[in-house]
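Visitor: I have a structure to look at and some terms to sort out. Could you take me through the reasoning behind them?

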Amino acid sequence: MAIRSNMPLGELLITNDVITKEQLDEALKHKQTSKTNKYLGEILVELGHTTELQIKKALEFQYRIPLVDITEINIDKEAVACINEQLARKYSLIPIMREGNILTVTMADPLDYYALDDIKRVTSYEIRQVMSIKDDIINAIDRFYGGESAERAVEALQAEYAELSADELAQLSEGEVSNAPIVKLINSIISHAVKTGASDIHIEPMDKDIRVRFRVDGALQEVMRSPKTAHGPLTTRIKIMSALDIAEKRIPQDGRIETIIDGRSVDLRISILPTVYGEKTVIRVLGLGKNVTYSRDKIGFTEQNNKLFESIIKSPNGIILVSGPTGSGKSTTLYTVLTELNSIDTNIITVEDPVEYKLAGINQVQVNAKAGLTFANGLRSILRQDPDIIMIGEIRDGETAEIAMRAAITGHLVLSTIHTNDAPSSISRLVDMGIQPYLVSTSVVGIIAQRLVRKICTRCKKEYMPDHGEMMMLKLKEPRPLYKGAGCPACNHTGYSGRTAIHEVLPISKEIKDLIEKRATVEQIRQIATRLGTISLRESAALLVFNGTTTTSELLKVTYSLD
């Protein structure tokens, strides 16, 4: 059957057995009744009748327009610079290559002739269109244009202050550092961080320049360098935004900014620290999980750990502790538990520092040490609010720990975090805080230790055979294939993309309670816990290495201190 070049998309998809006529009729009816401006293809994908990739492949066959996976190619930065970010976002497209007078542009909709006309008019190039998955194009736009916006802001800032000396820059008034170049620079840096999924922004004064790094998937990546002349105005602007003292440069300061970035509410926690080269600023990016659904299947529990976890959270009272270092996903685990336990007949109150994400139906209290609202004071007040479940952001001292224990043995379910290496160590940590062993054994019902490991990028994942050292580390008697990421544009050539958690779940059984009351050592508790089914953090990480989720490097990095 001959295929007409002007065949409508719906007919084309039916002809290629991508959808049925009934599915097309449903999509057309949905478009008409909902009065949406979305394209037919988008509606078909939303209804679950096809995928964007299937539609693209049908278009490739029909119109001979190549389908390109831009996550696996090196995009030419000079080609990207041929059009501006506004045009790229308007039409969901990005230039990927320039050869002579021909500019290759990958598009989400390669048949958008208005877009093609605009590109030709702006660039004066002959346009060769290819197509890619829309989300991949948006990610590429975020990656390439985000940094360029900041660089352009730096250039504007240099031009603005080119005639001023370092001393004069340091003396700029509040009004002078609120002008366009400075505002654009800090907004560009924050926006770029949000788009790349960074958890922290590091703005570091060096000897001759400023280094800006983002923490993405737990690892720091340098994103730009700026002339040293920008440091004073940049730091002052951040202080103004977070209501800090712009004249004070000798002591650390902490602040907070609530802002909107690309339509998303973002909470920024500011920490400024004096160093030998000037004040270093670290910005923690919070609030991006506002629309995240906290569910058990996203935590990364193995089947065995999920069973142990289930037995713990069924407890009507007692303390459940989550242990691990800063940035190990403890809050996510606690929020998941709270989400599961949240119901109309349950009064849940939290006291946190900071409140990272707002949960519907839960009363959340923000610690304010300056005003006298500490974890201990907040917890005392919460107990007068008729709570069923209490979540304490962190047990930092013996006073907070003892109040939490008393609350647990008087019928409340208490959730909290503690900084220890593994689950058995949490018990000795509580005793070291001055809590009597009998109180620990009576109140604690379970401990979950966790870490985050980076996942191998699925785009550049490759198989290899381990060397002798890796076999010894994994206790392998015979060689077996393992996996690692080769590095590609999709993962910024790191070989990793995203993170998942490893866990050590320790239910406090009768045998463990007896050991606690006898002041048993951590090693004795660990041996009994292993016999009762607890999987160590190292073993949990090893399972992910064997199934190709992560690497031996990640295993070593997060569990090296647990031997």
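**Strands, rings and charges**

Guide: Start with one bridge: Glu352 has Gln366 in E12 as its bridge partner. Keep in mind that this model is predicted.

Visitor: What makes E11 and E12 a pair of strands?

Guide: Pairing takes at least two bridges. Strand E11, residues 348-352, is joined to E12 by four bridges. Therefore the two strands pair, and they run parallel.

Visitor: Why is E12 called an edge strand?

Guide: The open sheet has seven strands, in the order E12-E11-E13-E14-E10-E15-E18, and its pairing is mixed. Strand E12 (363-366) and strand E18 (496-507) each pair on one side only, and they are the edge strands. From one strand to the next, the twist averages 20°.

Visitor: Why is the pair of Phe301 and Phe309 called tilted?

Guide: The count is two aromatic pairs. In the pair of Phe301 and Phe309, the ring centres are 4.7 Å apart, and the limit is 6.5 Å. So the rings pair. Their planes stand at 35°. Stacked needs under 30 degrees, and edge-to-face needs over 60. Neither fits 35°, so the pair is tilted.

Visitor: Are these two residues buried or exposed?

Guide: Phe301 and Phe309 are both buried, which means under 20% relative accessible area.

Visitor: How do you know that Arg454 sits over the ring of Tyr496?

Guide: The charged end of Arg454 is 4.0 Å from the ring centre of Tyr496. The distance cut-off is 6 Å, so 4.0 Å passes. Lys461 lies over the face of Tyr483, 5.0 Å from the ring centre. That distance passes too.

Key:
Residues numbered from 1 in each chain as written. Predicted model: local features only at pLDDT ≥ 70, side-chain atom pairs only at ≥ 80, totals over all residues. Heavy atoms only, no water. Phe/Tyr/Trp six-rings, centres within 6.5 Å; stacked < 30°, edge-to-face > 60°. Buried < 20%, exposed > 50% of the residue type's maximum accessible area, 1.4 Å probe, protein only. Lys NZ or Arg CZ within 6 Å of the ring centre and 35° of its normal. Axes fitted to C-alpha atoms, helices over the stretch in contact; angles between N-to-C directions.
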